[in-house]
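This briefing sets out selected features of one molecular structure. The points that follow are grouped by topic and are meant to be read beside the sequence and the coordinates.

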Amino acid sequence: MTDMQNKEKDEIFREKNGQIGDFAFGKEVAQVFDDMLARSVPMYAEFQRMISEMAADMAVDGTNIYDLGCSTGTTLLALDQSVPPGVRFVGIDHSVEMLEKCREKLEKHSFCHAFELVQADLNKGIRIENASLVLMVLTLQFIRPLYRERLIADIYQGINHNGALILVEKVLGEDSFFNRTFIRYYYDYKKRNGYSEMEISQKREALENVLIPYKLLENRELLLETGFRYCDVFFKWYNFCGMVAIK
Ligand SMILES: C[S@@+](CC[C@H](N)C(=O)[O-])C[C@H]1O[C@@H](n2cnc3c(N)ncnc32)[C@H](O)[C@@H]1O
């Protein structure tokens, strides 16, 4: 059986819940997380493939690749196939349950590279060393805005010259018309993937104070102001965007 067939279905917001608490990456979410991302992030498999394609060109033997907010290790597994053997991986996440799932998945797939999984709160900053590549896939949006600048500066400091940061984020539209329209298209996408109106609205409420998206141009400015030499968009689907920045 493949992982896709094996996945537990995400039904977390299926029943009506009187009081919706803040979304948390605990046990319940970790259990169904791969199904949740496959059904609620547009073109998830394709941009994971693109990241591993870029990583093949950017990763340098003898350096580290960091995946910040590695969750269940989907990106780490994709990169295991594409980067040189002397690369060491560091997966970082705040959620113990996600890291447990990640370790299980890496072991099950006989992960080839040296790796370390670290539990840390990125709101407190992070020490990055000898990195040819740092990944933040749908994670910066969960870092409190107050701490984002410092986190990006920490990442920048630990990336080697010519190294890269790959950032994938949910983004706000550049004006309110596009913002509203793109969000409507996004909810239609979720409906096509089997989520009900109630599931969509309960999850939106749970994420309200937890997932705080910036505009594409705000993220770009953050990267360039931190010192990255240039930055390009490699992926865009309405309110989702992938960027790559070079030091
Ligand atoms: C949407 S998921 C990332 C998805 C994953 N990168 C992928 O591509 O499959 C966000 C992850 O960030 C982690 N996270 C959220 N806030 C964090 C924090 N302050 N410090 C570290 N990890 C955090 C969550 O536990 C979760 O696993």
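Leaving aside its neighbours within four places in sequence, which residues is E97 in contact with? Those residues are G26, K27 and A30. The model is a predicted one, and the notes below proceed from E97 and helix α5 to helix α2, the nonpolar core, the ligand shell and two residues with positive phi.

**Helix α5**

- E97 is a residue of helix α5, which covers residues 96-108.
- E97 counts as partly exposed because it has 19 C-beta neighbours inside 10 Å, where 20 would be needed for a buried residue.
- From E97 to E11 the C-alpha distance is 18 Å, with a sequence separation of 86 residues.
- K101 also belongs to helix α5.
- K101 has 20 other C-beta atoms within 10 Å and is therefore buried, since the class begins at 20.
- Apart from residues up to four places away in sequence, K101 touches A30 and T72; A30 is also among the contacts of E97.
- K101 and M43 are separated by 58 residues in sequence, and their C-alpha atoms lie 23 Å apart.

**Helix α2 and the loop before it**

- Helix α2 runs over residues 27-40 and has 14 residues, for which a span of 20 Å is expected at 1.5 Å a residue; the 19 Å between its end C-alpha atoms agrees with this.
- A bend of about 65° occurs in α2 at F33.
- F33 is itself one of the buried residues of α2, together with A30, D34 and M36.
- An α-helix has 3.6 residues a turn, so residues three or four places apart point the same way.
- I12 is located in the loop between α1 (3-6) and α2.
- The contacts of I12, not counting residues up to four places away in sequence, are E28, V29 and V32.
- I12 is partly exposed because 17 other C-beta atoms lie within 10 Å, a count between the limits of 12 for exposed and 20 for buried.
- Although I12 and K203 are 191 residues apart in sequence, 8.7 Å separates their C-alpha atoms.

**Nonpolar core and strand β8**

- The largest nonpolar core comprises 52 residues, and those with the most contacts inside it are I65, Y66, L133, V134, L135 and L165.
- Strand β5, residues 159-172, supplies the largest share of this core, seven residues.
- Beyond four places in sequence, I65 is in contact with A55, A59, L79, V83, V87, F89, A131, S132 and L133; of these, L133 is also listed with the most contacts inside the core.
- A245 is found in strand β8, residues 240-246.
- A245 is buried because 26 other C-beta atoms lie within 10 Å, and 20 or more suffice.
- Once neighbours within four places in sequence are set aside, A245 is in contact with A164, L165, L223, F228 and C231; L165 is among the core residues with the most contacts.
- A245 and G163 lie 82 residues apart in sequence, while their C-alpha atoms are 8.5 Å apart.

**Ligand shell**

- The ligand is surrounded by 19 residues, of which F25, G69, H94, L122 and V137 are the closest.
- Sorted by class, this shell contains nine nonpolar, eight polar and two charged residues.

**Positive phi outside glycine**

- S110 is not a glycine, yet its phi is positive, at about 45°.
- S110 is placed in the loop between α5 and β3, the latter covering residues 114-119.
- With 7 other C-beta atoms within 10 Å, S110 is exposed, because the class takes in counts of 12 or fewer.
- N162 likewise has a positive phi, near 75°, in a residue other than glycine.
- N162 is situated in strand β5, the strand that gives the largest share of the core.
- N162 has 11 C-beta neighbours inside 10 Å and so counts as exposed.

Definitions and conventions. Residues are numbered from 1 along each chain as its sequence is written. This is a predicted model: local features need pLDDT of at least 70, side-chain atom pairs count only at pLDDT 80 or more; totals for chains, interfaces and linings use all residues. A nonpolar core is a set of buried Ala, Val, Leu, Ile, Met, Phe, Trp, Tyr and Cys residues joined through C-beta atoms within 7 Å. Helices (H or I, at least four residues) and strands (E, at least two) are DSSP runs, numbered from the N terminus. Two residues are in contact if their C-beta atoms, placed from the backbone, lie within 7 Å. A residue is near a molecule or strand if its C-beta atom, placed from the backbone, lies within 6 Å of it. Ala, Val, Leu, Ile, Met, Phe, Trp, Tyr, Cys and Pro count as nonpolar, Asp, Glu, Lys and Arg as charged, and the others, Gly among them, as polar. The expected span of a helix is 1.5 Å times one less than its number of residues. The bend at a residue is the angle between axes fitted to the seven residues ending there and the seven starting there.
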